[in-house]
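Student: I have a two-chain model open and would like to practise reading it with you. Could we take the features in turn?

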Amino acid sequence: MQVSSPIREPLIHGGKTLHDVSEDICRQVEAKPSTAWKIGFVISLAALSIGAISVWVLLWDGIGVWGLNKTVGWAWDITNFVWWVGIGHAGTLISAVLLLFRQKWRMSINRAAEAMTIFAVICALMFPAFHMGRLWLGFYWALPLPNTFGSLWVNFNSPLLWDVFAISTYFTVSLVFWYVGLIPDFATIRDRAKNKISKAVYGGLAMGWIGGAKDWSRYESVSLILAGLATPLVLSVHTIVSMDFATSIIPGWHTTIFPPYFVAGAIFSGFAMVLTLMLVTRKLFKLEDYITIGHIELMNIVIIVTGSIVGIAYITEFFIAWYSGVPGEQYAFINRATGPYWWAYATMMTANVISPQLFWVKKIRTSIVSTFIISIIVNIGMWFERFVIVVTSIHRDFLPSSWAMFYPTIHDVGVYLFSFGFFFTCYLLFSKYFPVINIAEIKGILKSDGEKK
Amino acid sequence: MTFGKNYLVGVFDDPDVILESIKSVRENGIKIHEIFSPHAIHGIDDYLGYKQSRLPIASFLFGITGASLALFTIIWMLGFDWPMIIGGKDFVSLPPFIPVTFEFTVLLAAHGMVLTFFIVSDLKPWAKPKVFDERCTDDKYIMAIDLGENKIAKDEINKVLSDTGASEVNEKNFK
């Protein structure tokens, strides 16, 4: 069935037939969960439950339980928010931007990457929601709802409000994009299902899909238009996130380079997280023929490109701070690199600028072990990038008498742990009950893959 | 789409074979009910004579609605209903209104189009689809021909299907 080209390496290895693809990908949905999956699930649930204690304390006592003080009013919460949103961006990039560029290698990884996007965006949304303190009033503060404050509306001039619209649009659009892609695969599982319950559940999820040519034609136009909409959307989301900082007058935040720099950083950290997840998923579910070394290498190349952009942005930022001639701006950057938070700055520089450069060596970017290690280092580095931007810019503010340091409390850690628990619990449930690779799209490229059209 | 009762179902193993078969079937004056496949087959619309989907137009209309709705609402709220001086700027200062307008445009364009898709393709959780052959979501390409719609004898259609590469031809009756 599979046609191989003498020139180009096929995207899918192992000479699969259409039926093999259904078998390989539905296998873990139909089988009993493996021991490794159960262990992972218990660990994730444990993290979620321990973190839930901190969330409870936070909601009961208020955000005073965090380590914030009157100088450092934003710290881990906003760091985590930006970090999680950034991670989410890779999913949209893979499914939308690579679709517009007709990159067929995205098909092996787009499903899991989109799932990662959705869970990461929920994790991100938690932090500004918690930071509001009284979560239950959030709707009135964040949405233009008729109210009794004299009909005082929300401030549409504020980037914080743009964020509300950007993130919620991004979340719901990603969700339907993901779901539309899942419909044909749910139909495959429904038609294979042996017992009544799974037939009913997957039948409901498949919404009566039977793969008529007319439906496929509509499906293809919907995917294309959604990709076209999601591409400017994903760029706008992180641009707006960066404007939370860039439109302020705080030295270290007030820079026009932020939007492109944040977008590149988001793709960088997102690809690192995709790699971390996919390397584990591929091993656990034996999907080596679908997610090949070729795929891993291509993702590593994206990491070199975006990592280098981020590196240039760091250096440019420093140069512009000096070139601006503004003492406050210059001090903010010198303090960032050599002040009391020098170790955070050094971690960021090493992990984000130096470590991805190792991928220039072919042996390193085609090795699973080194890819896995570097992907985790990049994720740590990107967390520090946000921490450096948020905390070092404000901890020494305009009056030296109010200079302060930020020390996280147990509840800062607990809420972060909660988001991790949530993310991995959701991802593990997804990988067990949903097809982790887009079955229909893989079938579509089996024949033409590598073959001259 | 109207549904008949008696169908002839051709089962094919290869997308290229079914495309050629569609051509011969239509040349013989036989009307095809629908083709079912496990994945999208490129170029099949031309073979079946389907027009391009108008969903992009629907999306555009939803998008325009979103853009104007958002812009008018914001201008009314901050410009007329409860004006406030923010940063010393005009009550209606367009540039900061654009991000929310853009997001709302995308929101309506995307969701409006997907809902339209669900409605026109009759996709709903409680749908009871008429399945001609369960293997069409696995590895077979299915051609369904409504016998009630065609004047040509069943055996003749059967022959055309087998001659053009159908691996099986079955009959399917719905109650």
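Student: Let me begin with strand S1 (residues 6–12) of chain B: is it mostly covered or mostly open?

Tutor: Happy to start there. Keep in mind that this is a predicted model. For burial, we count the other C-beta atoms within 10 Å of a residue's own, and 20 or more make it buried. By that count five of the seven residues of S1(B) are buried, so the strand is mostly covered.

Student: Which strands pair with S1(B), and in what sense?

Tutor: The general idea first: strands of a sheet pair through backbone hydrogen bonds, either parallel or antiparallel. Here S1(B) has six antiparallel bridges to strand S4 (residues 168–173) of chain B. Another six bridges link S1(B) with strand S3 (residues 141–146) of chain B, and this pair also runs antiparallel.

Student: Which residues could I click on to see the pairing with S4(B)?

Tutor: Try Leu8(B), whose bridge partner in S4(B) is Glu171(B). Tyr7(B) is another good choice, standing opposite Lys172(B) of S4(B). For the pairing with S3(B), look at Val11(B), which is bridged to Ile142(B).

Student: What is the strand order of the whole sheet?

Tutor: The sheet of chain B is open and has four strands in the order S2-S3-S1-S4, paired antiparallel. S2 and S4 of chain B are the edge strands; each has a single partner, so one side of each lacks a neighbour in the sheet. On average, neighbouring strands here are turned by 25° against each other, direction ignored.

Student: And what should I keep in mind about side chains in such a sheet?

Tutor: In a regular strand the side chains alternate between the two faces of the sheet.

Student: Which strands does helix H1 (residues 15–27) of chain B lie across?

Tutor: H1(B) lies across S1, S2 and S3 of chain B, and its angle to S3(B) is about 20°.

Student: How do I put these pieces into an overall view of chain B?

Tutor: Begin with the inventory: chain B holds five helices and four strands. Along the sequence they follow the pattern β-α-β-α-α-α-β-α-β. Next, compare the radius of gyration with the globule rule: chain B has 25 Å, well over the 16 Å given for 175 residues, so the chain is more spread out than a compact globule. The C-alpha trace spans about 80 × 30 × 30 Å along its principal axes. As for burial, 37% of the 175 residues of chain B count as buried.

Student: How does chain A read by the same steps?

Tutor: Chain A has 16 helices and zero strands. Its radius of gyration is 23 Å, which agrees with the value near 22 Å that a compact globule of 453 residues would have. Along the principal axes, the C-alpha atoms fill a box of roughly 75 × 55 × 40 Å. Of the 453 residues in chain A, 51% count as buried. Contact range is worth checking too: among contacts in chain A between residues at least 6 apart in sequence, 82% join residues at least 24 apart.

Student: How many residues does each chain give to the contact between them?

Tutor: As a general point, the size of an interface is often given as the accessible area lost when the parts come together. Here we can use residue counts: 53 residues come from chain B and 51 residues from chain A. On the chain B side, the elements giving two or more residues are strand S2 (34–36), helix H2 (44–48), helix H3 (55–81) and helix H4 (98–120). H4(B) supplies the largest share of that side, with 14 residues. By type, the chain B side has 35 nonpolar, eight polar and ten charged residues.

Student: At what angle does helix H8 (residues 213–246) of chain A pack against H3(B)?

Tutor: The two helices pack at about 40°, with their axes 9 Å apart. H8(A) and H3(B) are therefore oblique to each other. From H8(A), Arg218(A), Ser221(A), Val222(A) and Ile225(A) meet Leu55(B), Pro56(B) and Ser59(B) of H3(B). Sorted by type, the residues of this contact are four nonpolar, two polar and one charged.

Student: One last residue: is Tyr179(A) buried or partly exposed?

Tutor: Tyr179(A), found in helix H6 (residues 159–192) of chain A, is partly exposed, with 15 other C-beta atoms within 10 Å.

Terms used: Residues are numbered from 1 along each chain as its sequence is written. Chains are lettered from A and ligands numbered from 1 in the order in which they are written. This is a predicted model: local features need pLDDT of at least 70, side-chain atom pairs count only at pLDDT 80 or more; totals for chains, interfaces and linings use all residues. Two residues are in contact if their C-beta atoms, placed from the backbone, lie within 7 Å. Ala, Val, Leu, Ile, Met, Phe, Trp, Tyr, Cys and Pro count as nonpolar, Asp, Glu, Lys and Arg as charged, and the others, Gly among them, as polar. The radius of gyration is taken over C-alpha atoms; the globule rule is 2.2 Å times the number of residues to the power 0.38. A residue is buried if 20 or more other C-beta atoms lie within 10 Å of its own, exposed if 12 or fewer, and partly exposed in between; C-beta atoms are placed from the backbone. Two strands pair if DSSP finds at least two bridges between them. Axes are lines fitted to C-alpha atoms, for helices over the stretch in contact, and angles run from 0 to 180 degrees between N-to-C directions. Angles under 35 degrees count as roughly parallel, over 145 as roughly antiparallel, 65 to 115 as roughly perpendicular and the rest as oblique.
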